[in-house]
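Welcome! Have the structure open beside you and work through the exercises below, trying each task before you read its solution.

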Amino acid sequence: MPSLPPPTPSYIFRGHASQINTLAVLPASEDLISGDADGFVVIWSLSTRRPRAVWRAHKEGLLKVEGWPGEEGKGRVVTHGRDNTIHVWEVPPAPARGSASLFLPATSRSMESSMRISEDEGWDGEVKGPPAQPLSTVLPVDGLDLPRPQPWKLCTLHINALNFCQFAALPIHPPTSSTLDEDKDQPQPQLMIATPAVQDSDGIDINTLPTCTRLHTNVTPTLSSNEKPGMVMAVALLAPTTLLAGYESGYTVVMKLTANGTWETVYDSKVHSQPVLSLGVHPSREWFVTTAADAMIAFHPLFPSSSPSTGSPTSEPAVYNTTHSGLQALDIRDDGEIFATGGWDGKIRIWRRKGKEPKQLAVLKWHKESIYAVAFGRGGQGKNWVGVGSKDGKISLWEVY
Amino acid sequence: MSSADPLIVLKSRPDVHALTEALAEHSASHRPSSTPDPRAAQFTQALLAEIVPIHWEVADDKTRKELICALATINGLGGCLTRLDGLLKAREWSQCSQVLQILSGVFDSFPVWRYAEADKGLWREYIALTAGGRILGKCAEVLQAMPDAEEGVKWLGEGKAWACWLGSGIAEGTIKNELGPSQAAGLLNKALGLGYTFELMDVLVPALIPTNVTQLCDLHAALLLTARHNHLHALCSWLSRKYLSGSSPPLGAAAALLSAVVSRNELEAYILSPSTTQSLPLTRAALIALHSQSPLNLTFLNKILIRFSDVTYIAHAPTVAQEALTQLLLPTLGRFDLPLKDSEAQRLWMESTSNRLTSIGRRRWLGMVVGEAVDKSLKFGVDEMKTEEAQAWKALVDVGRQDGAMLGQIEALTRPEETKAEKMEAKKKKEVSFLDAISRDPEPATPQVVDSDDEEEDFPVYELPDSDDPDSDDDPTLINREKHKITPPVYIRNLLVTLRASEPKYDVVKLALKHAEGLVRRHTSFGTELDLYGIELANTLAGMNDEFDMPDFVDMKQRALVALVVGRPKLIGPWAAEGVCSGKWSLGQRMAVLAAVSSAAVELSGQDLGQQKKVEGAVIASKLLPKHLHAIYADDSTTEIDRLTRGIEEASLKPLAAEAVDALSGPEALKVGQTRRFSRRPEVQARQKKPEVNTLARIAGKGYFFPLAGGWWMMMRGEGVREPLFAAQVVKTLGIVLRCSAPSACDLREMTSELWGIVFGLRAKANGDNTLTEALLFALLVIFEVHEPRRLAEGWAKEVMETREWVGGVFEHMIDEGRTKMLAAGILLKINEVAEKFEVLLMGGMLSFGEGGRQEGLGLKMGNLAIGLPRR
């Protein structure tokens, strides 16, 4: 079988002064957004390969950034920091070609009435109104303490970021969200956010943005073995009533909201011997993947036909040993054909799951330190890419598949 | 003028008329194929060198023709070639062009057979020039180098043009009977070697068929055996390329041609030759040709079957050849009754089928095809056998049967235009000719492969990067990800930083230590880092503790120290002396540094590397001690330092002591349990006589000895020495340095006096302390070793006598101390030697000190040392 030579990165984005904790693709644009351990967020233009915007979103390290498509033309970014906050920023879409930086909107929707502006006192540089000056493009390596304006902040949610667990988001469109959303007169899109509970790191809170309303408090699973699941390490919201979670003890759990408002555990499995690190749902919604600090990739069936107690064979997870433990980063491409894992061994592995076992398609080796973030992106003309963020503070771009 | 010698005319710068006359004169007397004579050669030479450059460009056609005519001899051609060579080297392009024009003119105007009547040697020369490619080669070279060649002469450098020229020449000459078969064969033979056989055949064969086929046959028969094979191959290739690649090849005609030109045996041998890989139509034509002469027999079939069933052939022959063989076998089988009746053929067929079934891929498939084709009742029932391709292959048997033995008319081959057109047509229509149907590529046959191909296109697999090892440990909590990042230090500074790290890591320190020695040695003759950081590094190394309980810690540290002392003796020597004697360090550190100094001294003294390893090993690492020694010393040595000092002592002292005891060999009582000392003696001697450059000699005194000795005196004068063990070490180290720097050290004398002084100063302290006594004895032994007896007697008479007295006492009081006793005996022996030879000198020296009382018994007791000396 003829095979291609080992892939090499097509570009390296340098500019973060500390490790890259998270990486995402902004929807509907060719932009990559990265967050580092110093709290900086950088939006990189993939066409110019230059930073479009740099600001310090959090006082502590970033846990997750994610794009949230707003109303037409309004790009929003949700950032999750270790300073126990989640911010939603409004960033304008990519400017016309040639302009290097983002200019903030001169007029802004009046959001103050419906959102709770952060009362965070020590937080300098809180922008109370739409600033006129452009966002900085000075990279974190060129100076951490330089004055950099922040984009327009829509809202702030206070959460518990003790666990290193990244939030899970589920966009809710107004008609469908009406049953859950208290604010029925708000026609805006909502975002359901699942994070570790404020009361207890073992539980999960579910809030909505931008209203910052808590929907569910301290959701905890009931495991079939009656063990304690430990801290929440990874969550995913499949639907307003379906929650997936991975735990410190290695448990992976599916919980459903019952009619009487309680959460029922419909699936639990302990395939990992180490804390679960990442969780990804296949676009077909037939299965989801978990990776952990051990070397296993586990494929869990979704919506098993029978309840877990009967132990139907279809509800058994399929486990694959990669022999490379510490699979921190995970991303499944939107078409579901391939997925990538990035590990503490500094390598990114591209997999394709056909049948039970995944087939390793490629090993991307460039970073010498652990990989903390990986994101698939789609370019034009079949030029798809994988972005990889590492402990070494660099982001590598690979044009594969 | 008319009767003048043409050569003289040529050399006298003739005008055109004179030239024409001279040329006419010359050609009248010389035939083109006449044997060369010196005058003709000179004429050619003159013509090319003097006439052509001047006259060619301006000459009219007539004169040019005359010139060409004059040069159109075999000699002339040879001359042209030589001239061309010279002009090429001189890069005279215009003249090159002239010669090329002449050559082109010669070959255009005169046919091949013009020279046929020349004698054999000349004819051969002509063949070599033309068909052999000599002119072609040279012209090609010139044309390659020439910036702008005329179109008219370019053909001279093209093999294809030459092949055509030769082909038509041979054909024409043969038809006109100008060339005999042997002459034509000679040309053809060489012409085939030019490499353009298709072009050659394409001109030659059509010219001779259909009417002159017999001449082609004669020509073929006249060829040498190997050339015949080449010719047949060329003919077959030409046939199959030109006529047999269309949709309805004129097989009969080709068969007719083959059978007309080539004998049956030859054709059979050719078609059966393993190197033959002809196309299917040609194979069929050849089979028709063979069958038409006499029906194919079983021997022929069996020959094919034998190869077809040969395991080695199946495994190793290229697939193309195997397919060709199958294409030969199947039509051949068609001419026999199937299934095979003959038992031998039957057996071979069975064998081939079973052999091929055990192989793989296409080879196996071919075996199944033949199997099913021969026996219709045999069905393998696999999918591969049901494909169209397999059917087409199996049908080859019927094809062979239909082909039969029908020879066609050779005339069918004389319509090349038509066949060409047909071929084009066939190509255009993409009509599936038989060969097309039999695709060589088995891949697309199976649908699964196609499917996975699709998959691969979308998601190709990349190769793994150079290193992608699985984790070191199955347990995720135990994997150490740091280790692959640690690199050994490459600068002394790095090493220092690593070793001094406030929170040292085991792996890092270990790696740094492991590479410390190499690093220091590399920097010995490179850069200034060692000068800058040498002392610091030495301090660090000496002060290092084995925090991690590292195996080989002491060894590695010690090696680094030794490398340091060796690398910068002048820097580290005084540092070591100061450190050792200042009381800043612990005993262990002092011991280690002293050991390092000793080892370095040994190394610097330039011992042979192999020996040095041995000695150094013994000095540094107790683990490297010879086994029997280790067994002895490992028991009573408690600490590493202790063992180290024992090692030093052993390495330096043993040879001396052994020699001493050997010399005394008489009394058994003096031998100390060492059974191998006799055998060791030659080795010991060999080790002592080393002619290498003694680097230590130059620096021993200033670098090591005096700083240490000086420090020692300061120490003695100050606080005194509390530890006899340490004192013993210092004395031993000094002894080793002295010993290693001898005999060429410039300050050997001073060092000796100094050492003697130190030894005598410690006599009292040594009383009752075996270790120190031993060290002192060792030092004394070194002194006696490094100096000639005469020099000792002259320079240190008093010391010698004093030594004798003390050592004698020690020896006498010794109860059961093997080693010490041995040492003492050795020294006494040496003294004995000195005393015997230089008694007077000794006495003189003693008398000058004016102490009479002690010497009276000296002379009397001199021969009686073993018993002892008078006590005071």
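## Exercise 1: Two asparagines in loops

A:Asn226 counts as exposed, because its relative accessible area is 68% (exposed means over 50%, buried under 20%, partly exposed in between, with a 1.4 Å probe and protein chains only). Before going on, note that this is a predicted model, in which local features need pLDDT of at least 70 and side-chain atom pairs count only at pLDDT 80 or more, while totals for chains, interfaces and linings use all residues. Residues are numbered from 1 along each chain as its sequence is written, chains are lettered from A and ligands numbered from 1 in the order in which they are written, and side-chain values use heavy atoms, with hydrogens and water left out.

Task: find where A:Asn226 sits, and look at its phi.

Step 1. Go to the loop between β13 and β14 (232-239) of chain A, where A:Asn226 is found; helices (H or I, at least four residues) and strands (E, at least two) are DSSP runs, numbered from the N terminus.

Step 2. Read the backbone: phi of A:Asn226 is positive, about 60 degrees, although the residue is not a glycine. Most residues other than glycine have a negative phi.

Step 3. Now try A:Asn84, in the loop between β7 (75-81) and β8 (85-91) of chain A. Its phi is also positive, near 65 degrees. With a relative accessible area of 32%, A:Asn84 is partly exposed.

## Exercise 2: A peptide bond to check

Task: which kind of peptide bond joins A:Leu209 and A:Pro210?

Step 1. Locate A:Pro210 in the loop between β12 (204-209) and β13 (213-219) of chain A.

Step 2. Look at omega, which is about 0 degrees, so the bond is cis. Most peptide bonds are trans.

## Exercise 3: A pair of helices

Task: how do helix α5 (residues 74-90) and helix α6 (residues 93-109) of chain B pack?

Step 1. Take the angle and the distance: about 160 degrees, with the axes 9 Å apart. The axes are lines fitted to C-alpha atoms over the stretch in contact, and angles run from 0 to 180 degrees between N-to-C directions.

Step 2. Name the arrangement: α5(B) is therefore roughly antiparallel to α6(B) (angles over 145 degrees count as such).

Step 3. Find the contact, meaning heavy atoms within 4.5 Å. Residues of α5(B) that take part include B:Leu77, B:Cys80 and B:Arg83, and among those of α6(B) are B:Trp93, B:Val99 and B:Phe107.

## Exercise 4: A glutamate in chain B

Task: is B:Glu268 buried or exposed?

Step 1. Find B:Glu268 in helix α15 (residues 264-272) of chain B.

Step 2. Use its relative accessibility of 13%, which means that B:Glu268 counts as buried.

Step 3. Look for its partners: leaving aside residues up to four places away in sequence, B:Glu268 touches B:Leu290, B:Phe300 and B:Lys303. B:Phe300 is 32 residues from B:Glu268 in sequence, and their C-alpha atoms are 8.2 Å apart.

## Exercise 5: Chain B as a whole

Task: what is the secondary structure of chain B, and how confident is the prediction?

Step 1. Count the elements: chain B has 46 helices and 0 strands.

Step 2. Check burial: 52% of its 872 residues count as buried.

Step 3. Check pLDDT, the predictor's confidence in each residue from 0 to 100. Chain B averages 74, and 78% of the residues score at least 70. Over residues 850-872 of chain B, pLDDT stays under 50.

Step 4. Finish with the model scores: ipTM is 0.74 and pTM is 0.42.

Notes:
Parallel < 35°, antiparallel > 145°, perpendicular 65-115°, else oblique.
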